[in-house]
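Me: I should like to go through the terms applied to this model and ask on what grounds each is used. Please set each value against its criterion.

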Amino acid sequence: MNSKYFYYKRKLTSSIMMLLTFVAALAAIIPLVFIFYYTISKGVTYLNLDFFIAMPKPVGEPGGGMANAIVGTLILIGIGGAIGIPVGVMTGTYLSEFGNNKFVFLVRFLTDVLSGIPSIVVGVVAYTMVVLPMKHFSALAGGIALGILMIPTITRTTEEMIKLVPHSLREAGLALGIPKWKTTLAIILRTAWKGIATGVLLGLSRAAGETAPLLFTALGNRFWSTNIGQPIASLTVYIYDYAKSPFEDWNQQAWTAALVLILLISVLSLVFRIITRSKYKTN
Amino acid sequence: MEIKLSVKNLDAYYGKNKVLNNISLNIPKNKVVAIIGPSGCGKSTFIRTLNRMHEVVGGTIKGEILLDGEDLAKTDPVLLRKRIGMVFQKPNPFPTMSIFNNVAAGLRLNGVRNKKKLTPIVEKCLKQAALWDEVKNNLDDSGANISGGQQQRLCIARTLAVDPEVILMDEPASALDPISTTKIEDLIFELKKDYTIVIVTHNMQQAARVSDYTAFFYMGELIEFSDTKKMFTSPEKQQTEDYIRGRFG
Amino acid sequence: MSSVKKKFENNILKKIFSSHNLGDLIFERLTLLFAVSVFLLVLLMGYEMYLGSKLSIDKFGWSFLVNSTWDPVQEIYGALPIIYGTVVSSLLALIIALPLSIGVAIYLAEVAPPWLEKPLSFLVELLAGIPSVIYGLWGIFVLVPWIRTDVEPYLSDKLGFLPFFRGAPYGFGMLAAVLILSIMVLPIISSISRDVLKSVPHSQREAALALGATKWQSTIIVLKDAKSGILGATMLGLGRAIGETMAVTMVIGNRALISPSLFDPSYTMASVIANEFTEATSEMYLSALIQLALVLFVITIIINAFAHLLVWSMSRKWKTA
């Protein structure tokens with residue numbers, strides 16, 4: 001009789017626990033729904049063409065836009081990409097193509113560790129390395145910080161994607177007497193480029209959402225500037241400043257900036273999805 | 001002859017893919033039934049329908065399977081699998097558990113916690129599985145730190161500990177060396193006194209050595225089911241003969 | 001360090017003598033150069049911060065970590081309340097997020113039907129992709145008002161006899177930071193734990209089920225197999241919580257205070273740096289802030305290194321098995 005009791009007990013436990021895991025999964029989604037709901041409903045009120053093409057207005061004057069911040073964010077991730085993409089792709093290529101010695105292990109490990117270093121720390125380093133010697137804040141310093149932050153994502157994706165290329169392709173190239181470097185460039189990277197591109201886009205979209213490393217590197221700018229030697233505006237820093245400000249009008253614009261940022265990231269990840277999809281289709 | 005498991009008009013599917021077509025056969029009590037056939041013929045799927053492991057990987061069935069006249073579809077799989085144990089192709093001991101706890105695992109799952117009760121059962125099952133002498137001095141070692149052949153006998157002991165009526169074996173020796181294989185075969189011979197055994201094998205000599213009855217599957221169909229001696233000396237169907245004589249597969 | 005360098009030189013020498021093709025050599029050395037640059041970058045980061053904080057390190061030494069006065073006016077810098085705020089907010093967030101994350105991971109890896117698993121995993125990853133500053137924005141205008149008007153009055157009413165739930169309900173403070181951090185680390189812990197659970201071979205589940213285990217009993221066996229990987233995932237979540245900047249800065253109240261009450265404002269290392277860096281007028285002030293960054297750097301490196309080793313050892317274990 002005892003075993004029968006135990007049977008029902010463990011059946012019941014199992015059902016309850018399975019139900020609880022489902023509840024946990026639902027609970028995890030709730031904040032997502034909330035955040036999207038507020039960002040969209042609050043952000044949409046100020047979303048108009050002006051927001052994309054006009055400059056910010058001084059306090060008290062309604063309207064205005066964030067054209068400078070949108071361009072600023074694009075310039076910042078552009079600089080970041082100019083650093084992060086070559087370093088990431090080349091390092092990833094080295095890790096996957098040149099053996100499994102201790103140095104490769106160490107670099108792979110450091111790349112993983114680097115991805116866990118808080119972005120604000122990277123900002124501090126960019127400050128001491130770029131801002132201090134230049135004696136002023138600049139888009140360049142912010143871009144460098146973002147570039148460093150992109151390296152781990154791009155490196156590891158490149159490595160994984162190259163490893164997915166079938167070994168037979170490599171051997172086919174080498175068997176034709178093509179040197180290894182040409183094989184890698186002409187065959188391997190060409191086969192894997194779509195996967196690598198997704199990694200690059202992922203890195204860029206994450207960088208677009210970074211705020212902390214920009215606070216004391218790119219700083220921010222209320223005026224139009226595309227000079228990378230000068231402070232530059234970014235959407236994220238605007239969101240931060242406007243969210244903290246006591247002016248309701250600015251608070252509203254912070255929501256709109258958040259919506260625009262999410263749209264920007266969504267466009268990037270949409271491209272990312274399209275690329276990955278076509279990749280699986282061709283396979 | 002008493003029938004332990006009776007399969008009637010069984011179809012099995014993975015999604016929309018039909019992998020078994022209209023299988024009917026009776027498995028007699030305390031005998032060894034071997035399932036043979038080329039790879040992909042559905043023999044593994046068949047054995048997995050018998051303890052409803054087929055549905056664990058998303059498969060479905062049509063038709064009926066009766067255990068002592070009771071419909072499997074109406075039995076709770078948790079209770080059913082206590083009565084019908086299974087040994088898998090690759091040994092799969094629990095690496096986080098000691099040898100002792102591996103054997104005791106099934107009993108623990110069923111609520112037997114008392115070590116005094118467990119100890120004699122573990123010893124008995126390890127002896128039955130012909131493993132006791134090799135591991136009796138290191139019962140606390142991890143179940144993953146012994147050889148592949150020992151791991152498979154550990155898995156058999158683990159299955160025996162739950163005290164099943166039927167034991168299903170899915171190519172239990174295919175990942176093992178010849179000496180371990182012999183040990184497993186000897187074991188099957190011993191076990192059939194107390195248990196009904198269904199064994200899937202791709203090795204025809206093995207089927208001929210250990211089984212009382214043999215079923216030949218081909219392309220999801222049961223081609224022939226008969227007494228093992230008869231099957232290997234004078235098969236009724238041409239396909240069976242071709243397979244046994246090694247003309248394909 | 002020197003053995004690594006030696007190894008690396010050996011490697012190059014070997015390549016020079018064994019390579020028959022100049023193109024190959026150039027290609028390998030070029031990619032190697034970039035790999036080395038990543039290696040050097042991490043060292044350089046540490047070195048830069050060490051240099052930048054030398055002033056503060058020389059003056060305060062280890063007392064920086066245990067002194068509880070953070071006073072820029074008198075140029076006294078002790079990080080204890082800040083470290084306290086960082087540790088407490090991260091650990092509490094982990095306590096909330098961990099059971100939920102494991103639940104999510106189990107649901108995704110063991111329970112959910114395939115058609116539901118993919119979109120759900122996507123949503124969880126989306127949660128990880130939301131920029132921190134948007135969490136902060138949401139925190140200021142949605143979470144904090146809710147905490148102020150509903151959560152804190154309720155807690156002080158029901159549990160006010162405990163020291164953790166006393167004081168004026170500001171909304172901004174430790175409680176808000178803990179809640180927002182737990183939302184932010186949840187997707188990290190759950191998606192890595194899901195991968196870890198999935199790396200446990202299916203044969204383990206079958207072994208358990210074939211013995212008559214219930215779904216939950218087989219899940220427990222899988223969880224035990226995946227223990228070290230889940231610990232690694234948890235540590236990665238901890239590392240993220242410790243270094244999280246924007247969202248925390250925007251809701252935690254930003255005061256260097258050691259108080260048992262979750263209603264009180266607090267401060268974390270990352271938020272101090274974010275708030276005060278541009279205001280740091282004196283060299284000593286700046287140096288102390290850089291020292292904080294250095295401490296943060298070292299702590300997160302240790303945590304991440306340990307976490308990755310755990311996750312790696314876990315996936316390797318099953319590859320050889």
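The exchange below concerns a predicted model, and takes up an interface between two chains and then the strands of one of them.

Me: What makes the pair Glu206(C) and Arg48(B) a salt bridge?

Reply: The criterion asks for a side-chain nitrogen of Lys or Arg within 4 Å of a carboxyl oxygen of Asp or Glu. The closest N and O atoms of Glu206(C) and Arg48(B) are 2.4 Å apart, and 2.4 Å lies within 4 Å, so the pair is called a salt bridge. The count between chain C and chain B is one.

Me: What extent does the interface of chain C and chain B have, in residues and in area?

Reply: In contact are 18 residues of chain C and 26 residues of chain B. The buried area is about 1700 Å², with 65% given by carbon and sulfur atoms. Of the area that chain C buries against chain B, 36% is supplied by Glu206(C), Ala210(C) and Leu211(C), more than by any other three residues. Five residue pairs across this interface are in polar contact, with both residues at pLDDT 80 or more.

Me: Which elements of chain C give two or more residues to the side that touches chain B?

Reply: They are α9 (202-210) and α10 (215-225) of chain C. The largest share, eight residues, comes from α9(C). By class, this side of chain C has nine nonpolar, six polar and three charged residues.

Me: Why is strand β9 of chain B described as mostly covered?

Reply: A residue is buried when its relative accessible area is under 20%. In β9(B), residues 213-218, five of the six residues meet that criterion, and the strand is therefore described as mostly covered.

Me: How do you know that β9(B) pairs with β3(B) and with β10(B)?

Reply: Pairing requires at least two bridges between the strands. Four bridges join β3(B), residues 32-36, to β9(B), and six join β9(B) to β10(B), residues 221-227; both therefore count as pairs. The first of these pairings is parallel, the second antiparallel. Phe216(B) is the bridge partner of Ile36(B) and stands opposite Glu224(B) in β10(B). In the hairpin of β9(B) and β10(B), with two residues between the strands, Met219(B) takes a positive phi near 50°.

Me: What makes β2 and β5 of chain B edge strands?

Reply: Each pairs on one side only. The open, antiparallel sheet has the order β2-β1-β4-β5 in chain B. Eight bridges join β1(B) to β2(B), and Tyr14(B) stands opposite Asn17(B) in β2(B).

Terms used
Residues numbered from 1 in each chain as written. Chains lettered and ligands numbered in written order. Predicted model: local features only at pLDDT ≥ 70, side-chain atom pairs only at ≥ 80, totals over all residues. Heavy atoms only, no water. Contact = heavy atoms within 4.5 Å. Buried area = accessible area lost by both parts, 1.4 Å probe. Polar contact = N/O pair within 3.5 Å; in protein donor to acceptor, adjacent residues only side chain to side chain. Nonpolar A, V, L, I, M, F, W, Y, C, P; charged D, E, K, R; others polar. Buried < 20%, exposed > 50% of the residue type's maximum accessible area, 1.4 Å probe, protein only.
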